[in-house]
Amino acid sequence: MADAAEEALRGSWEQDLAEALDSGGSDMEMERGINQDKEHSAQHRAKMWKIALNVSGKGDSLSPWDGVLDLPEQTAIHKRSQQLIDQLDVSEEERRDTACDVESVITFYCKSRNICFSPEMSWPHLLKPLLGLQLPRSDLYNCFYAVMNKHIPRDCVASGRPFHLYRLLLQYHEPELCSFLDTKKITPDSYAINWMGSLFSSHCPPDVTQALWDCYFRQADPFLIFFLMLIILVNAKEAILSQEGDSREDIIKMLEESPSLLESEDVEDLFSLAQYYQTKTPLSLRKMNQNLFGSSLVALKEEDTDLSQALCLPVSVPEILQANQLQQDGVRFFVVDCRPAEQYNAGHLSTAFHLDSDLMLQNPSEFALSVKSLLEAQKNSLESGSVASGEHLCFMGSGREEEDMYMNMVLAHFLQKNKEYVSIAKGGFMALQKHLVDMNIEGLDSSYLHWIVSTSGSHSSLSSVDGEIGSAADGKGVKSLVNKMTFALKTKSVNVKEKMISFIENTSSPVDRHVSCSDRVGKAYRGVKPVFSIGDEEEYDTDEIDSSSTSDDDRKEIVNIQTWTNKPDVKHHIPCNEVKETGHMFPSHLLITASHMFCLREIASRKGFAYIQSRQALNSVVKITSKKKHPELITFKFGTNNSAGVEISAVERYLIPNAGDATKVIKQQIMKVLDALESS
């Protein structure tokens with residue numbers, strides 16, 4: 001009887017899932033809301049994965065290819081394809097066609113991405129779980145490409161940036177284990193390069209990999225790979241530490257094979273633990289490394305990407321300030337100011353504990369007492385629920401490399417003691433000052449200035465604090481910046497200010513404007529908000545269309561940036577960053593001609609070249625808006641007016657330096673287009 005009831009329940013679930021999938025919906029919230037069963041049929045899993053990877057209904061990407069298998073490495077590709085098939089349960093009659101599909105997918109991917117294939121590459125393993133879905137070749141390639149593009153981090157090579165980031169994550173949560181591996185000279189890439197490069201499909205059986213990917217795609221969070229890898233090591237911690245006397249090679253071999261011990265029944269617990277550790281990790285890990293995922297995201301500056309030199313996990317100043325104010329659970333920081341006493345006395349974060357790093361060498365016994373006091377103060381603050389309390393230690397220096405040498409020694413001291421949850425404030429006190437100045441300039445509540453106090457307990461102005469400790473030599477102190485901006489603001493004439501406000505009305509209730517050649521005030525179009533109003537957009541219009549969100553870079557036209565910017569019909573060239581809804585930014589260039597606006601997105605792998613990301617007619621601009629707190633973030637909405645109002649066809653967002661000047665020239669060009677239309 002119980003079996004019959006269970007079977008009926010299973011049948012009901014399968015019917016509901018089939019109906020949801022057949023409806024063609026792509027709402028991931030719907031997918032997450034369905035209670036997933038362990039036993040997915042290949043058909044249902046294929047539909048679910050295609051929806052999750054956003055390839056459902058996508059055309060045949062292989063159609064432009066002539067199908068010729070003629071790469072110099074073709075013999076190695078053929079051999080690797082046969083090896084993959086040998087690892088799967090494929091019948092003899094299907095073996096030939098399946099091997100042909102695998103070799104074609106690998107060959108086309110290498111050709112289209114200009115990749116020189118080598119047998120050591122881990123990404124061909126991604127095809128193993130996909131082959132179990134019995135997909136046609138076109139869907140097989142589309143799914144494979146989407147996994148590579150969305151879920152395999154860039155620079156996934158020996159000594160690549162993802163592995164340095166993973167080591168910092170391991171050190172943050174398991175400093176003892178990290179120290180043991182460092183002592184053995186075992187770097188993460190030596191054992192985890194195939195884990196990360198294949199989403200565990202290199203070592204897990206296909207059924208376990210499919211169960212992993214079910215959860216992974218449903219979460220739609222590529223950063224989960226780091227936490228899944230972390231949990232695998234955490235679970236094996238005792239076994240790893242017990243291998244003190246073993247050779248480096250033996251330990252690496254044991255580590256590399258760890259995922260092969262996973263079973264399908266372990267997947268749910270694995271993800272639960274990964275998500276728990278994620279809540280105990282600063283969000284800066286994700287925000288500072290967003291460009292790890294996505295094939296066309298450009299690289300960070302060299303100084304930002306060299307995580308191999310990072311002593312511990314860096315945390316942004318905004319996260320430090322917000323965490324203790326807004327979060328009762330999750331990450332809360334106990335800030336330790338390690339600057340010399342005179343700098344601390346001149347001004348410091350009001351919630352910071354002072355630990356003079358100079359004492360470590362000058363007076364070791366006093367330093368030891370200070371560390372004891374620090375840990376006691378942290379314990380007491382946690383018990384009392386103080387705003388300054390936090391389980392996570394965040395060390396703050398001045399932000400000047402030469403001055404922070406002793407702070408780095410203090411950090412190393414805590415790490416050697418295997419203290420977990422140790423981080424460093426990126427940019428130090430200088431970054432804190434600059435952030436608070438920026439917040440104040442944006443017109444936020446003046447209480448933000450009270451974050452910085454002197455030792456007397458009085459609240460110090462930002463400029464006066466920096467005046468005490470700023471570097472006169474470099475001439476780049478915050479005080480000089482504040483003084484320049486204050487002077488500039490005071491000398492602005494009222495007329496200039498009023499003209500700017502008439503163009504960019506940065507209020508919550510923008511003035512209605514009638515779009516015409518003279519831009520006269522009058523009756524607004526029915527159902528259309530102000531075309532050039534600048535409102536306080538706290539959230540993106542996620543229900544509207546992002547014109548480039550579903551574009552395939554492989555099919556976009558590639559152009560030389562300098563050639564295009566020098567074209568005679570280009571009236572204005574505006575360097576900027578294209579901003580996606582995910583927060584990812586792409587260095588780009590807006591080119592304004594007499595009738596169109598072009599967006600050229602730089603190609604990371606080809607310096608000086610760009611994709612033509614979008615072409616928009618200027619007369620299709622229906623609205624330009626900015627965020628009140630971030631006026632440099634400009635949103636363009638394109639569409640058409642009809643009897644029912646306005647129909648939005650595309651939304652594009654750009655981070656533009658000197659946004660006021662940029663939007664002004666764009667508006668002027670739009671007005672010229674409208675003038676021409678009215679006079680014709």
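How far apart should the ends of helix H11 (residues 206-219) be, at 1.5 Å a residue? The close-ups below come from a predicted model, and the first one takes up this question.

**View 1. Helix H11 and its covered residues.** With 14 residues at 1.5 Å each, H11 should span 20 Å, and its end C-alpha atoms do lie 20 Å apart, so the expectation and the model agree. Most of H11 is covered, with 11 of its 14 residues buried. Among them are Val-208, Leu-212, Trp-213, Tyr-216 and Phe-217, together with Asp-214 and Arg-218. Just after the helix comes Ala-220, which has a positive phi, near 55°.

**View 2. The aromatic pair of Phe-108 and Tyr-141.** The model holds 24 aromatic pairs. In this one, Phe-108 and Tyr-141 meet edge-to-face, with 5.0 Å from centre to centre and 70° between the planes. The pair brings together distant parts of the chain: Phe-108 belongs to helix H5 (residues 92-113) and Tyr-141 to helix H7 (residues 137-151), 33 residues apart. Phe-108 counts as buried because its relative accessibility is 12%. Tyr-141 counts as buried too, because its value is 2%.

**View 3. The aromatic cluster around this pair.** Here Phe-108 and Tyr-141 join Trp-65, Tyr-109, Phe-117, Trp-123, Phe-144 and Tyr-145 in one aromatic cluster.

**View 4. Arginines over phenylalanine rings.** Take a look at Arg-339, which lies over the face of Phe-429 at 3.8 Å from the ring centre. In another such arrangement, Arg-606 places its charged end over the ring of Phe-609, 4.4 Å from the centre of that ring.

Methods:
Residues numbered from 1 in each chain as written. Predicted model: local features only at pLDDT ≥ 70, side-chain atom pairs only at ≥ 80, totals over all residues. Heavy atoms only, no water. Helix = DSSP H or I, 4+ residues; strand = E, 2+ residues; numbered from the N terminus. Expected span 1.5 Å × (residues − 1). Buried < 20%, exposed > 50% of the residue type's maximum accessible area, 1.4 Å probe, protein only. Phe/Tyr/Trp six-rings, centres within 6.5 Å; stacked < 30°, edge-to-face > 60°. Lys NZ or Arg CZ within 6 Å of the ring centre and 35° of its normal.
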